[in-house]
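Subject: Handing over a structure, with notes

Dear colleague,

Please find the structure below, followed by some notes on what was found in it. I hope they help you as you look through it for the first time.

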Amino acid sequence: MTTALTTRLSSAPQAGVDLLRIVRINEEIKSVVGVAFKINIMALNAIFLAKRAGTAARGFGVLSNELRVFSQDLRDCMGALTGLIHGCVNEVSLVLQDLRHTGLLHQAAVLSPQSKAVGVLAAREIQNEQHTRRLASLRKQLKRALEDAFQMVELGGVLAKSAKIEAAYGQSFAVPLAQVSGEFDNIVEEIRASLESLRRSAFFTGN
Amino acid sequence: MKTTKTIFQDGNHKWVAIVRDPEKPNYLIDTNEYLITHGGQGLLLDPGGAEIFPAVFSALSSEFDPSALAGIFASHQDPDICSSLALWLEFNPKMRCHVSWLWGSFIPHFGGSAETFVMIPDEGCDISLDGLILRAVPAHYLHSSGNFNLYDKVAKMMFSGDVGAALLPPGEDSLYVEDFDKHIRHAEGFHRRWMGSNEAKRRWCERVSQLDIDMLCPQHGAIYQGANVQRFINWFDELQVGIVSG
């Protein structure tokens, strides 16, 4: 068995594991999208609350509006991540199919070493390499997009904490404003924890 | 590895049976593949599943250059018929796959592109192999709803797909049916359960009785030769099919 083929055949379980990891990443992204939608609704309610509170909650109203924009940006960002995830699923599926076909062609080449199977196997391995390279490229793009999302959530965290401070100036509305801003903060922390776990995914670290 | 047996030859016109792999795992049904060659071209009949591709390929390439295969004839859509299609196409991407129109958009799940498939109409059609005219003979509902046999008038050979198939027990693996009465016991259950229509079976028996056939070559089991061909047709005509107990 050639060294290249030994490597490819031993990477068969790895491709299967990668597929499972991608599925988990996608599930986490779906949950972040759901939470981002929740921020949007909460921010809309917070804007109405700030309007009722009047000038004392003007700063809170501005921050609530920013959080609403943040939730929309986060959803767009997650949409881009989902697109990359679908690309990864496609490439991993191709790699899995490559591995199966390469294994069968290799068996044919071993049984008929003088046949054209040897040449076809070599051509197949060049295509396999192309799929593997494309998957590696998508993996890097996904990691970069995830870092961008993380930076965005850092900003969301700052907005939520600023809203907490502004709530204190809400006079008679201080308690409900503090409650809303606390919920913002908790939700942004929830998203941060989700993205943090995605960053540590073995799909990126290769462990 | 499978072995090849030339079952008909007249100059460069040949029928080669690719049969009996002693290393095949028992969980895979045993299949017969057939290669028709004429001139410099070859047509592979029911090339088999992906898992047995190495065994079929190595046996075939001992007889014939696989890149010179002009086409594949798929009697129907089952995985043991042609799930190896993508692998064969690696050797000749221009190869054509002749199949019932009914399965034209199903079999591409095994591989190939829009250009790969040549749709056979329900009434059948002629397929040319370097000037040799082969006839796709309708065998619908036997067992698949879009199903064809392939008749070679010159060689008097008929590839009958699942019709005539027998699930042979270990040790009974001769290429030709030797004792019809003993052999047919291994075919009876298969035909009763897999063949779905007595009416379709009747029509097939009438149609095939009119053909001059020396050998009836099924995809599983042994080949019917000489008088056993008509004996099989008569037996099948009498059999009640489409029956499941329970």
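I begin with the second largest pocket, whose lining is made up of 16 residues, with Arg124(A), Gln127(A), Ala86(B), Leu89(B) and Glu90(B) lying nearest its centre. Please keep in mind throughout that this is a predicted model. The volume of this second largest pocket comes to about 340 Å³, and its lining divides into 6 nonpolar, 7 polar and 3 charged residues. Three elements each give at least two residues to that lining, namely helix 3 (58–111) and helix 4 (117–167) of chain A and helix 3 (85–91) of chain B. Of these, helix 4 of chain A provides the largest share, with 5 residues.

The largest pocket holds about 470 Å³ of space. Its lining consists of 18 residues, and those that lie nearest the centre are Lys24(B), Asp30(B), Leu168(B), Pro170(B) and Asp173(B). By class, the lining of the largest pocket has 8 nonpolar, 4 polar and 6 charged residues.

One of the residues just named, Asp30(B), also takes part in a salt bridge with Arg20(B), in which the closest N and O atoms are 3.7 Å apart. Both residues lie in the loop between strand 2 and strand 3 of chain B, so the pair ties together parts that are 10 residues apart in sequence. In general, side chains of opposite charge can pair when their charged atoms come close. Over all chains, the structure holds 25 salt bridges.

Arg20(B) deserves a second look for its backbone as well, since its phi is near 55 degrees, a positive value in a residue other than glycine. The loop that holds Arg20(B) runs between strand 2 (13–19) and strand 3 (33–38) of chain B. Another backbone feature is found at the peptide bond from Leu142(B) to His143(B), which is cis, with omega near 0 degrees. His143(B) itself belongs to the loop between strand 9 (132–138) and strand 10 (148–152) of chain B. As background to both features, most residues other than glycine have a negative phi, and most peptide bonds are trans.

What, then, do chain A and chain B bury between them? The buried area is about 1200 Å², and 68% of it is on carbon and sulfur atoms. On the side of chain A, the residues that lose the most area to chain B are Leu104(A), Leu111(A) and Lys116(A), which together account for 38% of what that side buries. The contact takes 13 residues from chain A and 14 residues from chain B.

Between chain A and chain B the count is 3 salt bridges. Lys116(A), already named for the area that it loses to chain B, forms a salt bridge with Asp65(B), with the closest N and O atoms 3.1 Å apart. There are also 5 residue pairs in polar contact across this interface, counting pairs with both residues at pLDDT 80 or more. On the side of chain A that touches chain B, helix 3 and helix 4 of chain A are the elements that give two or more residues, and the largest share, 7 residues, comes from helix 3 of chain A. Sorted by class, that side of chain A has 6 nonpolar, 4 polar and 3 charged residues.

With best wishes

Technical notes: Residues are numbered from 1 along each chain as its sequence is written. Chains are lettered from A and ligands numbered from 1 in the order in which they are written. This is a predicted model: local features need pLDDT of at least 70, side-chain atom pairs count only at pLDDT 80 or more; totals for chains, interfaces and linings use all residues. Side-chain values use heavy atoms; hydrogens and water are left out. On a 1 Å grid over the protein atoms alone, a cavity is a set of points where a 1.4 Å probe fits but cannot get out, and a pocket is an open set with protein on both sides within 12 Å along at least five of seven lines; lining residues have an atom within 4 Å of a point. Grid points are joined across faces, edges and corners, and a volume is the space filled by probe spheres set on the points. Ala, Val, Leu, Ile, Met, Phe, Trp, Tyr, Cys and Pro count as nonpolar, Asp, Glu, Lys and Arg as charged, and the others, Gly among them, as polar. Helices (H or I, at least four residues) and strands (E, at least two) are DSSP runs, numbered from the N terminus. Contact means heavy atoms within 4.5 Å. Buried area is the accessible area (1.4 Å probe) that two parts lose on being put together, summed over both. A salt bridge is a side-chain nitrogen of Lys or Arg within 4 Å of a carboxyl oxygen of Asp or Glu. A polar contact is a pair of N or O atoms within 3.5 Å; within protein, one must be able to donate a hydrogen and the other to accept it, and residues adjacent in sequence count only if both atoms are side-chain atoms.
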